[in-house]
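Visitor: I have a chain here that I would like to look over with you. Shall we start with its contacts?

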Amino acid sequence: MASRPVDPAVFFPDPRVDGADGPAKAVCAGCPVATECLLRALSEGIPHGVFGGLNEAERQLITVTPGLLVALRVLLLADRLPQRITLRVFAEFGFGRPRGIPAELRVVEPGRQRGGYQRESLVGWSARVVDEYICSGRCPDVLVDRLGDLVARYALVSAS
């Protein structure tokens with residue numbers, strides 16, 4: 001969502017009209033949550049509109065795995081996640097059932113039937129996964145800087 005009032009119709013231009021997405025992309029360029037918006041569109045498979053500065057045709061060129069989507073969301077929400085992350089916490093933060101996280105990150109504490117993840121370990125894994133995606137050549141140029149900034153924010157955690 002834009003940081004200033006904008007008619008929502010701006011974000012759903014006619015894809016057949018060349019350049020019709022320009023006004024939406026201009027709004028997204030200055031939006032502080034553009035990356036989160038784009039990831040929501042990718043993870044939910046939203047087929048129409050401009051999200052995070054990319055139109056539907058541009059989003060279709062981005063291939064992400066379930067593990068990468070979890071890693072991206074973890075980095076976006078890292079500052080708000082508790083130290084111990086359970087399936088309930090994942091659900092509360094809108095992850096659904098997380099897929100793609102390595103089993104060795106799961107921690108089962110004595111006296112508990114279900115395990116969870118330690119925030120630091122999960123954030124570190126997430127930063128490595130996103131960094132590998134950036135370096136793989138599969139990451140679209142338009143996302144390299146945005147995702148690089150996201151990884152850099154947690155570089156100390158991912159180095160451990």
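Visitor: Of the contacts in the chain with a separation of 6 or more, what share is made by residues 24 or more positions apart?

Guide: Happy to help! Contact means heavy atoms within 4.5 Å. Among contacts with a separation of 6 or more, residues 24 or more positions apart account for 58%.

Visitor: What should I know about the model itself?

Guide: This is a predicted model, where local features need pLDDT of at least 70 and side-chain atom pairs count only at pLDDT 80 or more, while totals for chains, interfaces and linings use all residues. Residues are numbered from 1 along each chain as its sequence is written, and side-chain values use heavy atoms, with hydrogens and water left out.

Visitor: Which helix do the buried residues of α1 pack against?

Guide: Helices are DSSP runs (H or I, at least four residues), numbered from the N terminus. In α1, residues 22–29, the buried residues (under 20% relative accessible area, 1.4 Å probe, protein chains only) are Ala24, Val27 and Cys28. Seen down the axis of α1, they fall within an arc of 100 degrees (taken from the directions from the helix axis to the C-beta atoms), so they line one face of the helix. Their packing partner is α2 (34–44).

Visitor: How is α6 oriented relative to α7, roughly parallel or roughly antiparallel?

Guide: The axes, lines fitted to C-alpha atoms over the stretch in contact, with angles running from 0 to 180 degrees between N-to-C directions, come within 10 Å and cross at roughly 155 degrees for α6 (residues 119–135) and α7 (residues 141–153). With angles over 145 degrees counted as roughly antiparallel, that makes α6 and α7 roughly antiparallel.

Key
Buried means under 20% relative accessible area, exposed over 50%, partly exposed in between (1.4 Å probe, protein chains only). Helices (H or I, at least four residues) and strands (E, at least two) are DSSP runs, numbered from the N terminus. Angles under 35 degrees count as roughly parallel, over 145 as roughly antiparallel, 65 to 115 as roughly perpendicular and the rest as oblique.
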